[in-house]
Amino acid sequence: MLESLDQLEAAAMQDLGGVAESAGLEAWRIAYLGAKGKLRAAMAGLKDVPRDQKPAAGARLNAVKSALETAFATRRAAIGTGEAAAGPRVDLTEPGLMESAGPGRRHILSRVREELVEVFARMGFGVAQGPELEDDEHNFVRLNIPAGHPAREPSENYYVRAAGGRDQGTGVQPLMLRSQTSTVQVRTMETRKPPIRVIAPGRVYRPDTVDATHHFMFHQIEGLAVDRGLSMADLSTTLFQFARAYFGDEARVRLRPSYFPFTEPSAEFDLWIALRPGDAPRWMELGGCGMVDPAVLTACGIDPEQWSGFAFGFGIDRLAMGKYRIPDIRLLLENDLRFLGAV
Ligand code: DAH
C-alpha cells in the first residue's frame, strides 16, 4: 500500500508538471482528486490493508492527498496569472474596483422631496400632481399670463407643439414641457372645491444656460391654500414656520416684495446662507409666493368674493442646496457616485 501511494504521488506530480492550461488542469483534477479519481480508489483499498498497517497507510494517504491538493492550487494560480496576462479574461470572483459598491441609497433629491412633503403634511398640506407635458391654458392662460406676454416667448420655453395654433382659430392648443409647477394650482382648483391645502413637487423645464445655480430641468414645490379669509399673514406664518422646521430655529429667511402675474401682492422668499465653508453668507432666492390673484380664482371656477388663497413655488434643488450645503446645482443631476455617496 505504501509503495503504491508513493507511485501514485510521483505519477500525479509528473502529470501535473505537463499541464499547461486550465482545461488540462481540470482533467488532472478529475483523474486524481475527483470523486472517481485515483486517490479515492486508493482510499477504498485501505479496507484490505492488514490491521496493524492501517494507521501508517492512513497517515500516508492523507499526506499524499494534501500534497496533491497543494500542488493543484499552486499550479492553478500559476496558470491563472499566465492566462490573464495572455489576453483579457473576466474573473467573476474578483472583488469590484469601485470602493463604493456597497448598498445603494435614495437620491438626495428624492430624500429632500420626501422631507418637504412631510414638513408640509404636518401643517395640513396634502400632495397634488399634474402632467409635465402641459398645454398653454394651464401653464399660462389661467395663471393670468395672456398671449403676447414675454414669459411665453419660444426662447423661454420648451414648446413641443407649435404655439399660436389656438389663437389662429385652429382649435389646436400649444403643448410644452411645463415651465413651472404653478400649473398644478390651476389643475387642483379646477377639480376640487375649497378649502384646499396642497403642495405639488415635480420637474420643470426652461431653456436656461446651465451654471452653478441654473439648469434646463429642475424641480419645484408648489403650495396652494384656498380658504375663507386667508391673508398675507397666513402666508408668511406658513413660510416662516416651514423655514424653521426645515432649516432649524436659527435659519434666517425674508420676504421681499416682487411681482408675479398670478399673485397680488407677490413676494420673493430668500434664505441667508453660505454654501461653501469659508464663504460669506448671502441671500439665496428660494422662489416666489403671494396671494392668489382673484382673476386666477375666477378662471379656475372659484368665487373670489367667498374665498381667498395664498400660493408659493420654491426650487427643490435650491432647498436641497441650502439644507445640505451643496454649492453647485449640477451635482444634483450628474449622478456622480462620489457625490451621491457623500450627501
Ligand atoms: N411659478 C413661479 C416661478 O416659477 C414661482 C411662484 C411665484 C409660484 C409665486 C407661486 C407664486 O405659487 O405664488 O417663477
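**Figure 1. Arg252 and Arg228 each sit over a tryptophan ring in this predicted model.** The charged end of Arg252 lies over the ring of Trp272, 4.8 Å from the ring centre. Arg228 lies over the face of Trp307. Here the distance to the ring centre is 4.1 Å.

**Figure 2. Phe240 and Phe269 form a tilted aromatic pair.** A search of the whole structure finds 14 aromatic pairs. In the pair of Phe240 and Phe269, the ring centres are 6.4 Å apart and the planes meet at 55°. Phe240 lies in helix 8 (residues 232–247), whereas Phe269 lies in strand 8 (residues 263–273). The pair therefore ties together parts that are 29 residues apart in sequence. The two partners can also be described by their accessibility. Phe240 has 30% relative accessibility, so it counts as partly exposed. Phe269 has 0% relative accessibility, so it counts as buried.

**Figure 3. Phe242 and Tyr246 form a stacked pair because their planes are at 10°, with the ring centres 5.9 Å apart.** Both residues lie in helix 8. They are four residues apart, about one turn of the helix. Phe242 is buried, and Tyr246 is buried too. Ring pairs link Phe242 and Tyr246 into a cluster with Phe120, Phe125, Phe240, Phe247, Phe269, Phe312 and Phe314.

**Figure 4. Helix 5 meets helix 10 at roughly 95°.** Helix 5 covers residues 108–122, and helix 10 covers residues 316–324. Their axes come within 10 Å. The crossing angle falls between 65 and 115 degrees, so the two helices are roughly perpendicular to each other. Helix 5 contributes Ile108, Leu109, Val112, Glu115 and Leu116 to the contact. Helix 10 contributes Ile316, Asp317, Leu319, Ala320, Lys323 and Tyr324. By class, the contact of helix 5 with helix 10 has eight nonpolar, no polar and three charged residues.

**Figure 5. Helix 10 is mostly covered.** Of its nine residues, seven are buried. The buried residues in helix 10 are Ile316, Asp317, Arg318, Leu319, Ala320, Met321 and Gly322. Arg325 follows helix 10. This arginine lies in the loop between helix 10 and helix 11 (331–334). Its phi is near 50°, a positive value in a residue other than glycine.

**Figure 6. Helix 1 and helix 2 pack at an angle of about 170°.** Helix 1 spans residues 2–17, and helix 2 spans residues 22–33. Their axes are 10 Å apart. The angle is over 145 degrees, and the two helices are therefore roughly antiparallel to each other. From helix 1, the contact uses Leu8, Ala11, Ala12, Asp15 and Leu16. From helix 2, it uses Leu25, Trp28 and Tyr32. By class, the contact of helix 1 with helix 2 has seven nonpolar, no polar and one charged residues.

**Figure 7. Gly309 is a buried glycine in strand 10 (residues 308–315).** Its relative accessibility is 1%, so it counts as buried. Gly309 and Val226 are 83 residues apart in sequence. In space, their C-alpha atoms are 4.0 Å apart. Leaving aside residues up to four places away in sequence, Gly309 touches Ala225, Val226, Leu230, Gly290, Met291 and Val292.

**Figure 8. Two cis peptide bonds precede Pro195 and Pro265.** Most peptide bonds are trans. The bond from Pro194 to Pro195 is cis, with omega near 0°. Pro195 is found in the loop between helix 7 (182–191) and strand 5 (196–205). The bond that joins Glu264 and Pro265 is also cis, with omega about 0°. Pro265 is found in strand 8.

**Figure 9. Asn335 has a positive phi, near 60°.** Most residues other than glycine have a negative phi. Asn335 is a residue other than glycine, yet its phi is positive. This asparagine is found in the loop between helix 11 and helix 12 (337–340).

Note on methods: Residues numbered from 1 in each chain as written. Predicted model: local features only at pLDDT ≥ 70, side-chain atom pairs only at ≥ 80, totals over all residues. Heavy atoms only, no water. Axes fitted to C-alpha atoms, helices over the stretch in contact; angles between N-to-C directions. Parallel < 35°, antiparallel > 145°, perpendicular 65-115°, else oblique. Contact = heavy atoms within 4.5 Å. Nonpolar A, V, L, I, M, F, W, Y, C, P; charged D, E, K, R; others polar. Phe/Tyr/Trp six-rings, centres within 6.5 Å; stacked < 30°, edge-to-face > 60°. Buried < 20%, exposed > 50% of the residue type's maximum accessible area, 1.4 Å probe, protein only. Lys NZ or Arg CZ within 6 Å of the ring centre and 35° of its normal.
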